[in-house]
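Please keep the model open in your viewer, with residue labels switched on and side chains drawn as sticks. The stops below are meant to be followed in order, one selection at a time.

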Amino acid sequence: MIRQAKAQRMLTHDQIWGALDRLAARAGLSPSGLAKRAGLDPTTFNKSKRVTSDGRERWPSTESIAKALTAAGSSIETFVKLIDDSPGDGRSVPLIGFALAEGTGYFDDQGFPSGKGWDEVALPTAEDGRTFALEISGDTLQPAYRDGDVILVSPGTPIRKGDRVVVKTRAGEVMVTTLMRRTAKALELQPLDAAQAARTLALGDVAWIARIVWASQ
């Protein structure tokens, strides 16, 4: 009698890292945000750390996965399900740290992501094909946004009075604020901290403005 060998299913490098990405997205975090919340080095789960400089695959340790599950409030059973899950309707979008957004070379003249240095993050929705994400660092935007939160920014979404927006000036300053009024010559902006005075920017001083369409909370 001939015995047929049953093909054993093996976990792949992409499956494990994909599950970690989806675990972070379920918690409303970027991979680096999840790593920080887990008490790990913020770069532990970054895409740049998943392959060595000589092209070898690098796998996350069982310890780092266990800490990530604790930080996300999930179980190993959930992680196993995430391994088999497809990304669904979610979409990976470019991600960069908020502090880096003031640097040069990360955006084109219209405020769309460009150049190197961008990571990726899976988020619940991304209607605009030019959508990108910024990861908040520090506590300067509290209580609206905390350290490790991710905001989804859509350059192609119409902006209305009262919307939260990201504004970059031609001088390089990047701010998260609320649009109160837009005229042919200026923007009137209200800081997230209501105790701070409103600010008016001449349109000639604005490089770009884009609406925040989603934020992890």
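Select Phe-107 and Trp-118, both of which are buried in this predicted model. Their rings form an aromatic pair of the edge-to-face kind, with 5.4 Å from centre to centre and 90° between the planes. Both residues sit in the loop between strand 1 (91-97) and strand 2 (119-123), so the pair ties together parts that are 11 residues apart in sequence.

Now add Phe-132 and Trp-208 to the selection. The centres of these two rings are 6.2 Å apart and their planes stand at 90°, so this pair is edge-to-face as well. Here the link is between distant parts of the chain, since Phe-132 belongs to strand 3 and Trp-208 to strand 9, 76 residues apart. Phe-132 and Trp-208 are buried, and with Phe-107 and Trp-118 they form one aromatic cluster. The structure as a whole holds 6 aromatic pairs.

With Trp-208 still displayed, show strand 9 (residues 206-215) as a ribbon, and bring in strand 4 (residues 150-154), which runs antiparallel to strand 9 and is joined to it by 4 bridges. Within that pairing, Ile-151 has Ala-215 of strand 9 as its bridge partner. Strand 5 (residues 164-169) also pairs with strand 9 in the antiparallel sense, over 5 bridges, and Lys-168 is the residue that stands opposite Trp-208.

Next, centre the view on Ile-151. Which residues touch the most other members of the largest nonpolar core? They are Leu-134, Tyr-145, Ile-151, Val-166 and Val-176, out of 20 residues in that core. Strand 3 (132-135), strand 4, strand 6 (174-182) and strand 9 each supply at least two residues to this core, and strand 9 gives the most, with 3 residues. Leaving aside neighbours within four places in sequence, the contacts of Ile-151 include Phe-132, Leu-134, Tyr-145, Val-166, Val-176, Ile-212 and Ala-215. Apart from this core lies another, of 19 residues, among them Leu-20, Ala-24, Leu-34 and Phe-79. In soluble globular proteins, nonpolar side chains tend to be buried together.

Move along strand 6 to Thr-177, which lies in that strand. Is this residue buried or exposed? At a relative accessible area of 3%, Thr-177 is buried. Its side chain reaches the backbone oxygen of Gln-190 at 2.8 Å, and, not counting residues up to four places away in sequence, Thr-177 also touches Asp-163, Arg-164, Val-165 and Leu-192, among others.

For the charged residues, select Lys-36 together with Glu-135 and Asp-147. The side chains of Lys-36 and Glu-135 meet in a salt bridge at 4.0 Å, N to O, linking helix 2 (residues 31-37) to strand 3 across 99 residues. Glu-135 counts as buried at 9% relative accessibility, whereas Lys-36, at 29%, counts as partly exposed. Lys-36 also forms a salt bridge with Asp-147, the closest N and O atoms being 3.7 Å apart. Asp-147 lies in the loop between strand 3 and strand 4, so this pair ties helix 2 to a part of the chain 111 residues apart in sequence.

As a last selection, take Arg-146 and Asp-149, whose side chains meet in a salt bridge at 3.8 Å, N to O. Arg-146 is partly exposed, with a relative accessible area of 40%, while Asp-149 is buried, at 2%. A search of the whole structure finds 11 salt bridges, and Asp-21, Lys-47 and Arg-50 are linked in a network of them.

Methods
Residues numbered from 1 in each chain as written. Predicted model: local features only at pLDDT ≥ 70, side-chain atom pairs only at ≥ 80, totals over all residues. Heavy atoms only, no water. Pairing = 2+ DSSP bridges. Core = buried A, V, L, I, M, F, W, Y, C linked by side-chain atoms within 4.5 Å. Buried < 20%, exposed > 50% of the residue type's maximum accessible area, 1.4 Å probe, protein only. Contact = heavy atoms within 4.5 Å. Phe/Tyr/Trp six-rings, centres within 6.5 Å; stacked < 30°, edge-to-face > 60°. Polar contact = N/O pair within 3.5 Å; in protein donor to acceptor, adjacent residues only side chain to side chain.
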